[in-house]
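Please open the model in your viewer and keep the sequence panel beside it, since this tour moves from one selection to the next. At each stop, make the selection before reading on.

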Amino acid sequence: MAASEDESKPDSPYGFEHQAEQEDIGFLQEFFLFLRDNKKWWLVPLIGSLLLLGLLSILATSGAAPFIYTVF
């Protein structure tokens, strides 16, 4: 095998170098790929609920608190 063929295989000694040369992907894209590959779709509503609760707690300590309390 030639050196160029070894570099294309992910299990070759050059696999780490090949991965390091790839373009970085964002956090959200990597998280989505994790969910898709591992079939962890049940995490989506859990993370969404936690984000909404965090947003509500941030808004509750701001000047928007009187407007939020009237919604409930």
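Accessible areas come from the Shrake-Rupley method with a 1.4 Å probe. For this protein, which you are viewing as a predicted model, the accessible surface comes to about 6500 Å², and 66% of that surface belongs to carbon and sulfur atoms.

**The whole chain**

Begin with a cartoon view of everything, where you will find five helices and zero strands, so that the elements run α-α-α-α-α when they are read from the N terminus on. If you then colour by accessibility, buried residues make up 8% of the 72 residues in the protein.

**Helix H3**

Next, select residues 27-38, which form helix H3. How far apart are the end C-alpha atoms of this helix? They are 16 Å apart, and this agrees with the span of 16 Å that its 12 residues should have at 1.5 Å a residue, because the expected span is 1.5 Å times one less than the number of residues.

**The aromatic rings of H3**

Stay in this part of the chain and show the side chains of Phe 27, Phe 31 and Phe 34, which ring pairs link into a cluster. The structure as a whole holds three aromatic pairs, and one of them is formed by Phe 27 and Phe 31, whose rings are stacked at 6.4 Å centre to centre with 15° between the planes. Why are Phe 27 and Phe 31 separated by about one helical turn? The reason is that they are four residues apart in helix H3. An α-helix has 3.6 residues a turn, so residues three or four places apart point the same way. With the surface switched on, you can compare the two: Phe 27 is exposed, with a relative accessible area of 67%, while Phe 31 is partly exposed, at 26%.

**A salt bridge in H3**

Now move along to Arg 36 and Asp 37, which form a salt bridge with their closest N and O atoms 3.7 Å apart. The count for the structure comes to one salt bridge. Side chains of opposite charge can pair when their charged atoms come close. Arg 36 is partly exposed, with a relative accessible area of 44%, whereas Asp 37 counts as exposed at 52% relative accessibility, because the cut-off for exposed is over 50%.

**The loop after H3**

Select Lys 39 next, which follows H3 and lies in the loop between H3 and H4. Is its phi positive or negative? Lys 39 has a positive phi of about 50° although it is not a glycine. Most residues other than glycine have a negative phi, and most peptide bonds are trans. The surface view shows Lys 39 as exposed, with a relative accessible area of 64%.

**Helix H4 and a nonpolar patch**

Continue to residues 43-60, which form helix H4, and pick out Val 44, which has its place in this helix and counts as partly exposed at 41% relative accessibility. Draw a distance from the C-alpha atom of Val 44 to that of Phe 32, and you should read a separation of 9.4 Å between two residues that are 12 residues apart along the chain.

For the last stop, select Trp 42, Leu 46, Ile 47, Leu 50, Leu 51, Leu 53 and Leu 56, which together make a nonpolar surface patch of about 720 Å². Among them is Leu 53, which lies in helix H4 and is exposed, with a relative accessible area of 55%.

Conventions
Residues are numbered from 1 along each chain as its sequence is written. This is a predicted model: local features need pLDDT of at least 70, side-chain atom pairs count only at pLDDT 80 or more; totals for chains, interfaces and linings use all residues. Side-chain values use heavy atoms; hydrogens and water are left out. Helices (H or I, at least four residues) and strands (E, at least two) are DSSP runs, numbered from the N terminus. Patches are made of residues with over 30% relative accessible area and no salt bridge: like charges are joined within 9 Å, nonpolar side chains (Val, Leu, Ile, Met, Phe, Trp, Tyr) within 5 Å. A salt bridge is a side-chain nitrogen of Lys or Arg within 4 Å of a carboxyl oxygen of Asp or Glu. Buried means under 20% relative accessible area, exposed over 50%, partly exposed in between (1.4 Å probe, protein chains only). Rings of Phe, Tyr and Trp (its six-membered ring) pair if their centres lie within 6.5 Å; planes under 30 degrees apart count as stacked, over 60 as edge-to-face and the rest as tilted.
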